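Subject: Handing over a structure

Hello,

I am passing on the structure I have been looking at, and below it you will find my notes on what turned up. Please keep it open beside you while you read.

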Amino acid sequence: MSKTDSNDKRLLTTATYGGGLSFDGDESAATADSYTQTQTKNSIWTVAALVVAGIVCLPLLSVIWLAFFPEENIWPHLYKTVLSTYVLNTIILMFGVAVGTLVIGTGCAWLVTHHEFPGRKLFNWALLLPFAVPAYVIAYVYTDLLEFAGPVQTLLRDAFGWQLASDYYFPSIRTLPGAIIMMVLVLYPYVYLLSRAAFLEQSASIAEAARSLGVSRRARIFKVAFPMARPAIVVGLSLVMMETLNDYGTVDYFAVRTLSAGLYDVWLGMNNLGGGAQIATLLLIFVMVLIGLEKSSRRNQQNFQPMSSRFRPTERSRLQKYWALGASTFCAIPVVLGFIIPAWVLCSYTISYFEESWNASFWQSALHSIGLSAVAAITAIAVGILLSYSKRLHPTRNVRWSVGLASLGYAVPGAVLAIGIIIPFAAFDNTVDALAERFFGVSTGLLLSGTVFALVFAYTVRFLAMAYGAINSSMQKISPHMDDAARSLGHSPGTILRKVHLPLVRGGILTAGLVVFVDCMKELPATLVLRPFNFDTLATQVYQFASDELLGQSAIYALLIVLVGLVPVILLSTRIDRSRELSDESRF
Amino acid sequence: MWLLMRMIRITICIKSGKLEDFANMKTRIIAALACSTILGTLLSTNAFSAESVNVYSYRQPFLIAPIFDSFTKQTGIKVNTVFAKKGLVERLKSEGKNSPADLLLTSDFNTINAAIDADVVEAVTSDVLSVNIPAQFRDPDGLWFGLTNRARLIVVSKERMTQNRPETYEDLADPTYKGKICTRSGKHNYMVALTASVIAHAGQDAARKWLSGVKDNLARKPQGNDRAQVKAISQGECDIAIINSYYMGKMLADDKQIAWANSVDLIFPNQADRGTHMNISGVVLTKSAGNKSNAIKLMEYLSSADAQKIYAEVNYEYPINKSVSPSELVQSWGDFTYDTLPLTQVSKYRNDASRLADEVNYDY
């Protein structure tokens with residue numbers, strides 16, 4: 001590999017990871033860690049972190065454990081019949097969603113960072129809006145719009161005088177391609193955000209250097225800029241594909257037989273819990289492959305340095321006439337399809353069903369959703385603080401590993417998580433009950449199973465990685481000298497956390513809280529199975545109504561989920577134009 | 001592992017930027033909100049009144065809510081429910097003897113069997129139940145009780161199927177109906193039960209041939225519930241569907257769906273031979289039942305003339321209690337011969353039926 005290459009690599013990694021959003025502080029953390037590592041190795045913090053991480057890993061471990069004890073071996077049957085369909089559908093779905101999000105995400109990011117065209121400023125943040133729409137909601141909305149009795153086909157029939165479905169061809173939305181399109185529309189913002197940040201971090205001088213070497217315009221894009229942004233794009237794509245693997249609501253509604261649909265069938269249709277757990281383990285293998293791919297895509301990109309002061313932002317070139325129109329259209333399509341149309345449909349349904357839906361049960365589910373999500377967000381924050389602070393104090397191998405394991409919950413599909421939680425919780429409850437009865441003669445009953453606690457636990461496990469990530473990256477920006485100074489003044493680690501770190505990382509805490517909160521509001525599969533008596537959330541109500549072909553009644557619930565989801569998007573949008581400055585200021 | 005975390009960290013940071021300014025105020029608001037709601041949440045779900053009965057229900061809340069309401073009004077006993085379409089037997093099984101559930105309400109017979117297999121069911125002896133429910137619709141040992149009957153019907157388009165209508169389930173596999181049939185997923189309990197009844201009557205091989213024949217006649221990939229199939233007929237996507245009888249009444253009672261129901265004619269299949277396939281919705285008492293006497297009161301109430309009338313009039317099901325007649329609408333469909341093979345004989349083939357659906361790739 002030539003020298004230029006490795007220089008580029010360095011620049012590129014700097015651009016992506018050392019830059020303004022400084023999401024990765026592992027390297028600087030290593031320095032920070034070395035200062036504090038002199039403390040005793042096994043403080044109470046380490047023990048607490050290990051215990052908490054162990055508890056958080058429990059569902060995952062119990063799924064893997066269950067996989068060893070199936071009721072009967074389902075694989076010969078599955079292999080002979082539907083396994084290939086499940087796997088193939090899953091792979092096609094993931095591949096299709098990856099390609100779609102790649103084209104839309106990087107395409108829009110390139111346009112808004114490198115070109116000037118009508119509406120650019122608007123699209124800059126509006127492209128994030130579909131983030132607020134859960135995949136199952138968009139699936140319900142488009143089915144309603146595009147089915148035979150929906151407004152689109154009715155209009156076509158009126159216009160052309162057709163009568164029956166057999167008179168003309170209209171593609172069905174409830175298919176694998178339909179599912180791909182739905183997921184692309186709500187997931188592309190991951191790729192957009194990450195690649196946009198990467199493009200912004202690329203110095204104009206690189207493009208100029210390339211131009212001076214006679215590289216054509218097209219080659220500058222595809223041979224220089226895109227490869228440089230590749231790590232960021234790959235990260236975005238991995239997240240997109242994990243979300244795709246997790247999805248159950250959309251594939252169930254569209255009758256697409258993927259592995260997660262198969263898992264449900266084996267577990268509940270065939271009453272084979274172990275078999276279900278085996279499919280779950282297969283899903284985890286998919287996730288591991290994704291992580292491996294992500295890792296290998298940047299194997300040679302270590303040792304980056306903060307970028308030099310020669311950085312110059314790229315100047316945006318003004319697009320002319322048709323090109324400008326084309327760019328505006330290209331950016332408008334995902335926003336219109338992914339946000340404006342669904343939001344409009346939901347609003348109009350909410351209005352026409354308002355009297356029917358605006359009742360106590362709506363308020364109660366809203367209260368449940370908000371209360372539950374808030375509690376889960378706070379729990380996730382608390383655990384996130386504990387884990388990241390313990391790691392800061394004692395970055396031993398054990399702590400690092402357990403923190404890593406604890407974060408894996410993000411990759412576990414909600415349905416799998418539900419299995420993984422029911423079993424150990426019930427086992428715990430029944431053991432405690434048996435012990436209490438034996439020694440004290442009282443029955444404690446079920447302490448955890450079927451309570452709100454089980455739900456809060458599920459949400460915490462599922463979204464801990466998000467909370468931990470946000471808090472940890474904020475904490476790593478705090479100079480280790482602060483810790484040392486405070487220690488030299490005789491404060492204990494606990495006091496330092498309270499007086500020094502917490503006030504400094506409150507931004508990270510808020511971020512973590514918001515993201516976890518919104519994701520909990522959307523969570524469906526685990527909520528359905530784990531919830532207590534008389535307990536509905538917004539998401540379960542949407543699912544119940546919509547799966548009964550009653551979209552109108554579900555609209556108000558879905559709309560509230562979208563509105564709440566808008567909060568972080570709006571906060572983010574107000575920031576996104578300032579991210580340039582942000583990146584400069586945090587480059588130390 | 002590390003990379004995963006790193007990836008997530010990256011998204012978070014990018015997702016959110018830095019929001020320090022908001023932090024103080026917002027966290028306090030969230031904390032206050034949480035404290036107030038967690039109390040409310042916990043209290044509303046866990047503080048059961050002394051007189052209550054806890055039900056895990058596979059039946060939709062709006063189907064059974066009116067009956068529970070009237071039970072509470074009469075007895076003062078509160079009914080708490082968890083509704084889910086999937087997973088309740090599994091939950092009962094893992095919660096074991098400490099499960100809070102007293103009753104399990106199912107929407108089909110397979111689920112009753114699954115609960116019995118999971119060993120979470122306790123036998124009940126009640127004179128009221130024995131009088132109200134005919135012997136063929138309850139377990140001789142009192143493990144399960146049927147509450148309502150539903151017929152699995154064929155519906156055909158009024159407009160497009162004026163002649164050569166199918167008369168039996170077997171007819172549906174006839175190639176003359178190629179591209180005309182719509183059904184829900186072949187793995188759904190209602191379809192599995194029908195396939196199981198075909199296995200019980202004709203054997204595994206004949207059933208496989210039948211199911212694969214029906215599959216070849218499908219107009220579209222199986223999707224949606226029974227209601228969605230009638231809607232598809234009204235929209236011209238297909239001409240023939242298989243549905244449970246009460247869906248018809250439900251659609252006729254709904255302003256928006258009445259047009260779907262009016263586009264089809266009902267056919268009670270197999271009148272010349274074994275009769276129409278029936279399924280029951282039922283109830284079982286759980287082994288863990290803590291409110292046993294209240295639970296049995298509710299079971300008895302569900303089989304009483306009062307409740308059966310609601311089942312008949314509001315849900316358009318066939319009441320199991322012979323003293324109550326079906327709703328006028330359902331009566332207008334006429335008497336019919338139904339399959340009298342005991343459901344236990346049918347249900348033992350449910351796993352085979354589910355596998356057949358995989359083998360012929362019914363849901364493709």
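Let me begin with the place where the two domains of chain B meet, keeping in mind throughout that this is a predicted model. Twelve residues of domain 1 of chain B are in contact with eleven residues of domain 2 of chain B. On the domain 1 side, the elements that each supply two or more residues are α5 (109-117) and β5 (145-157) of chain B, and α5(B) gives the largest share, namely four residues. Sorted by class, that side of domain 1 of chain B has seven polar, three nonpolar and two charged residues.

To find these domains in the sequence of chain B, look for residues 52-149 + 279-325, which form domain 1, and for 150-277 + 345-359, which form domain 2. Their C-alpha centres lie 27 Å apart.

The other topic is the nonpolar cores. The largest of them has 182 residues, and the members that touch the most others are A:Ala458, A:Ala467 and A:Val516. Helix α9 of chain A, residues 176-201, contributes 18 residues, the largest share of this core.

Which residues does A:Ala467 contact, once its neighbours within four places in sequence are left aside? They are A:Ala380, A:Ile381, A:Gly384, A:Ala512 and A:Val516.

Apart from the largest core there is another one, of 105 residues, which includes B:Phe71, B:Phe83, B:Leu104 and B:Leu105. As general background, nonpolar side chains in soluble globular proteins tend to be buried together.

Best wishes

Notes. Residues are numbered from 1 along each chain as its sequence is written. Chains are lettered from A and ligands numbered from 1 in the order in which they are written. This is a predicted model: local features need pLDDT of at least 70, side-chain atom pairs count only at pLDDT 80 or more; totals for chains, interfaces and linings use all residues. Domain bounds come from an automatic or database domain assignment. Two residues are in contact if their C-beta atoms, placed from the backbone, lie within 7 Å. Ala, Val, Leu, Ile, Met, Phe, Trp, Tyr, Cys and Pro count as nonpolar, Asp, Glu, Lys and Arg as charged, and the others, Gly among them, as polar. A nonpolar core is a set of buried Ala, Val, Leu, Ile, Met, Phe, Trp, Tyr and Cys residues joined through C-beta atoms within 7 Å. A residue is buried if 20 or more other C-beta atoms lie within 10 Å of its own, exposed if 12 or fewer, and partly exposed in between; C-beta atoms are placed from the backbone.
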